[in-house]
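Here are some exercises to work through with the model open beside you. Try each task before you read its solution.

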Amino acid sequence: MSRPSGTYCFRERDVFLKGIRQHNTWKFYGEQTRDKILAYAVELTGTQGGTIRGNLYELDYQQHFRHVVEASQPVSVNRLFYEHGTRDIPDGQYFDGSPDRVLGNFLRYEVQPMTRLCCRRLYGRSSTAGGGPSPATSKPTLRLCMTAGLKPRPGASWIS
């Protein structure tokens with residue numbers, strides 16, 4: 001997102017998670033400002049000779065903003081990353097980044113969207129009538145990507 005007073009670079013998945021900084025920022029510029037916003041999706045395709053390569057897709061910010069409002073999902077868990085594995089805790093549960101006796105030193109965390117499988121595992125709710133997870137619930141329920149079907153802008157491959 002490029003705006004008159006600066007630029008943000010957010011992971012697309014984070015823009016679709018309600019209540020976190022990236023989502024709130026994306027919504028703010030769609031709801032509360034008249035600034036001209038230029039929005040782009042960046043697709044990294046690899047490296048060549050130590051140079052990062054990718055494609056740049058121009059987005060219609062107002063259209064994308066409306067899609068974000070309609071498709072955003074609540075956060076359900078914080079995924080805690082440690083040296084030797086991960087652990088999910090419900091959103092809102094306190095954590096302080098202390099080492100885990102089994103998983104080692106704390107590295108980082110990511111918020112995760114609500115899925116049926118996640119509900120069942122964290123809150124003891126059944127995700128299907130039979131109680132077991134179905135193949136459909138073992139995958140994230142979000143379908144958020146705005147770049148499907150877009151073509152790179154001519155000359156938009158970038159090097160830096």
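**Exercise 1. Start at Tyr82: find its bridge partner in S6, then its partner in S7, and work out how the strands around it are arranged.**

Solution. One thing to keep in mind as you go: this is a predicted model.

Step 1. Look across to S6, where Tyr82 has Gly85 as its bridge partner. Strand S6 covers residues 85-90, and its pairing with S5 is antiparallel, with 6 bridges. Just 2 residues sit between S5 and S6, and the two strands form a hairpin.

Step 2. Now look across to S7, where the partner of Tyr82 is Phe106. S7 spans residues 106-113 and runs antiparallel to S5, with 7 bridges joining the pair.

Step 3. Put the two together: S5 pairs with S6 and also with S7.

**Exercise 2. Is strand S5 largely enclosed or largely open, and why?**

Solution. Step 1. Find residues 75-82, the 8 residues that make up S5.

Step 2. Apply the cut-off: a residue is called buried when its relative accessible area is under 20%. In S5, 7 of the 8 residues are buried, so the strand is largely enclosed by the rest of the structure.

Step 3. Set that beside the whole protein chain, where buried residues make up 32% of the 160 residues.

**Exercise 3. Go to the loop between S6 and S7 and describe the surroundings of Leu103 and Gly104.**

Solution. Step 1. Take Leu103, which lies in this loop. Its relative accessible area is 15%, so Leu103 is buried.

Step 2. List what Leu103 touches, leaving out neighbours within four places in sequence: Tyr82, Glu83, His84, Gly85, Thr86 and Arg87. Arg87 is 16 residues from Leu103 along the chain, and their C-alpha atoms are 8.7 Å apart.

Step 3. Move on to Gly104, in the loop between S6 and S7. With a relative accessible area of 13%, Gly104 is buried.

Step 4. Check the contacts of Gly104, again skipping residues up to four places away: they are Tyr82, Glu83, His84 and Pro99. Glu83 is 21 residues from Gly104 in sequence, yet the C-alpha to C-alpha distance is 5.3 Å.

**Exercise 4. Which residues does Gln112 touch, and is Gln112 buried or exposed?**

Solution. Step 1. Locate Gln112 in strand S7.

Step 2. Compare its relative accessible area, 11%, with the cut-off of 20%: Gln112 is buried.

Step 3. Trace its contacts beyond four places in sequence. Gln112 touches Val75, Ser76, Val77 and Arg79, and also Pro74, Arg13 and Leu17.

**Exercise 5. Describe the largest pocket: what is its volume, and what lines it?**

Solution. Step 1. The volume comes to about 510 Å³.

Step 2. Count the lining: 20 residues, with Cys9, Phe10, Tyr40, Ala41 and Val42 lying nearest the centre.

Step 3. Sort them by type, and you get 13 nonpolar, 4 polar and 3 charged residues.

Step 4. Ask which elements contribute. Helix H1 (12-15), strand S3 (39-48) and strand S4 (51-59) each supply at least two lining residues, and S3 gives the most, with 5.

**Exercise 6. Step back: how many helices and strands does the protein chain have, and in what order do the elements run?**

Solution. Step 1. Count 4 helices and 8 strands.

Step 2. Read from the N terminus, and the order is β-β-α-α-β-β-α-β-β-β-α-β.

Step 3. Finish with contacts: among those with a separation of 6 or more, 57% join residues 24 or more positions apart.

Methods:
Residues numbered from 1 in each chain as written. Predicted model: local features only at pLDDT ≥ 70, side-chain atom pairs only at ≥ 80, totals over all residues. Heavy atoms only, no water. 1 Å grid on protein atoms, 1.4 Å probe; cavity = no way out; pocket = protein on both sides within 12 Å on 5 of 7 lines; lining within 4 Å. Points joined across faces, edges and corners; volume = space filled by probe spheres on them. Nonpolar A, V, L, I, M, F, W, Y, C, P; charged D, E, K, R; others polar. Buried < 20%, exposed > 50% of the residue type's maximum accessible area, 1.4 Å probe, protein only. Pairing = 2+ DSSP bridges. Contact = heavy atoms within 4.5 Å.
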